[in-house]
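Student: I've only just opened this one, and I'd like a close look at a single part of it. Could you pick a spot, show me what surrounds it, and then work outwards from there?

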Amino acid sequence: MENVSRSFAGRRGAVEALRGMSLRARPGEVVAVVGASGCGKSTLLELICGLQQPDAGTVAADPAVLMPQRDLLLPWASALDNAALALRARGVGRERARAAARPWFERFGLAGFESARPAALSGGMRQRVAFVRTLLAGKPVLALDEPFAALDALTRQEVQAWLAQTLAAEPRTVVLVTHDVEEAVLLADEVVVMSPRPGRAVATLPVGLARPRRRTDAAVVALRERALQALGAAT
Ligand SMILES: Nc1ncnc2c1ncn2[C@@H]1O[C@H](COP(=O)(O)OP(=O)(O)OP(=O)(O)O)[C@@H](O)[C@H]1O
């Protein structure tokens, strides 16, 4: 997106969510976006997914697919059918959709849980099923909105490590919105720091560290500090 502005009509006049926001992700790159609560991060993701239109500026024509904060799995459907949902929504028949989803269960450590209902899965497993569903949507860019926010701390670490491995093995273009600066540095190729509302990019930090990364690595700690400073300077 280039120089995007977006406002909403509020009860007490217009709320300006974004003003002059620019963001670019090269193919196969993971860009993390960090910013204070309410600075327009979810608005930004909805814009790149084509769910909203900008008031000014431009957004790439090919919309991204959104993986929301909550896994939003259908409680009455099996894990496999939940994962296959993105394909069903595109008109693919049930058996073909299931066949396409099945290999991802093997790859993502979910084999044997195809018939399980979401309630029988751990939070981390549900998030992986939701991720399979996002991948199967077949869009070139994945937009992840705080994908680990609803998980407890230990599960969050486990799923973060899993996502880092998955993206290293199967690079995707990802825009990851998070409150968690450490998560951004662990997962991203570039961290974009936003100003408070109206949000715009105030700093872009290239990460450039080999993977796997550990939160205790000196370079990870140093970059986390730089990102926190940029966030602090922006408020
Ligand atoms: N549909 C809408 N109608 C009115 N105001 C909206 C709408 N969507 C967002 N806003 C406002 O725009 C601003 C940015 O909201 P947004 O949800 O994009 O921020 P955020 O950075 O994702 O917040 P958080 O980190 O708390 O989830 C907020 O002040 C919000 O109240």
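Tutor: Let's start at Val185, which counts as buried because its C-beta atom has 26 C-beta neighbours inside 10 Å. (Buried means 20 or more other C-beta atoms within 10 Å, exposed means 12 or fewer, and partly exposed is in between; C-beta atoms are placed from the backbone.) Keep in mind that this is a predicted model: local features need pLDDT of at least 70 and side-chain atom pairs pLDDT 80 or more, while totals for chains, interfaces and linings use all residues. To find your way around, count residues from 1 along each chain as its sequence is written.

Val185 sits in helix α6, which is made of residues 181–187. (Helices, H or I with at least four residues, and strands, E with at least two, are DSSP runs numbered from the N terminus.) Now look at what Val185 touches. Setting aside neighbours within four places in sequence, Val185 is in contact with Val191, Val207, Val220, Leu223, Arg224 and Ala227; contact means C-beta atoms within 7 Å. Val207 is worth finding on screen: it is 22 residues along the chain from Val185, yet the two C-alpha atoms are separated by 6.7 Å.

Next, hop from Val185 to its partner Ala227. Not counting residues up to four places away in sequence, Ala227 touches Val34, Val181, Ala184, Val185, Val191, Val193 and Leu205. Val191, then, turns up in the contacts of Val185 and again in those of Ala227.

That brings us to the wider core. In the largest nonpolar core, which has 68 residues, Ala227 is one of the members that touch the most others, along with Ala32, Ala143 and Val191. (A nonpolar core is a set of buried Ala, Val, Leu, Ile, Met, Phe, Trp, Tyr and Cys residues joined through C-beta atoms within 7 Å.) Residues of this core come from both domain 1 (4–63 + 140–233) and domain 2 (74–138), so the core lies between them. As general background, nonpolar side chains tend to be buried together in soluble globular proteins.

How do the two domains meet? Their bounds come from an automatic or database assignment. The C-alpha centres of domain 1 and domain 2 lie 25 Å apart, and 9 residues of domain 1 are in contact with 6 residues of domain 2. On the domain 1 side, helix α5 (residues 153–169) supplies the largest share of that contact, with 4 residues.

Just before α5, in the loop between β6 (141–145) and α5, you'll find Glu146. Its backbone is a little unusual to look at: phi is near 45 degrees, a positive value in a residue other than glycine. Glu146 is partly exposed because 19 other C-beta atoms lie within 10 Å. Asn3, in strand β1, also has a positive phi, about 55 degrees, without being a glycine. Asn3 is partly exposed too, with 14 other C-beta atoms within 10 Å.

Back towards the region where we began, check the prolines. The peptide bond from Arg197 to Pro198 is cis, with omega near -5 degrees, and Pro198 lies in the loop between β8 (190–194) and β9 (201–206). The bond from Arg211 to Pro212 is cis as well, with omega near 0 degrees; Pro212 belongs to the loop between β9 and α7 (218–234).

For a contrast with buried Val185, try Ala14 in strand β2. Ala14 counts as exposed because it has 10 C-beta neighbours inside 10 Å. Leaving aside neighbours within four places in sequence, Ala14 is in contact with Ser7, Phe8 and Ala9.

Phe8 leads us to the ligand. Thirteen is the size of the shell, and of the 13 residues around the ligand, Phe8, Ser37, Lys41, Ser42 and Thr43 come nearest. (A residue is near if its backbone-placed C-beta atom lies within 6 Å.) Three elements, β1 (2–10), β2 (13–21) and α1 (41–48), each supply at least two shell residues, and α1 gives the most, with 3 residues. Ser42 and Ala14 are 28 residues apart along the chain, and their C-alpha atoms are separated by 17 Å.

Finish with Arg94, which is in helix α3 (residues 94–107). Arg94 is exposed, because it has 11 C-beta neighbours inside 10 Å. Its C-alpha atom is separated by 7.9 Å from that of Ala84, 10 residues away along the chain.

Technical notes:
Two residues are in contact if their C-beta atoms, placed from the backbone, lie within 7 Å.
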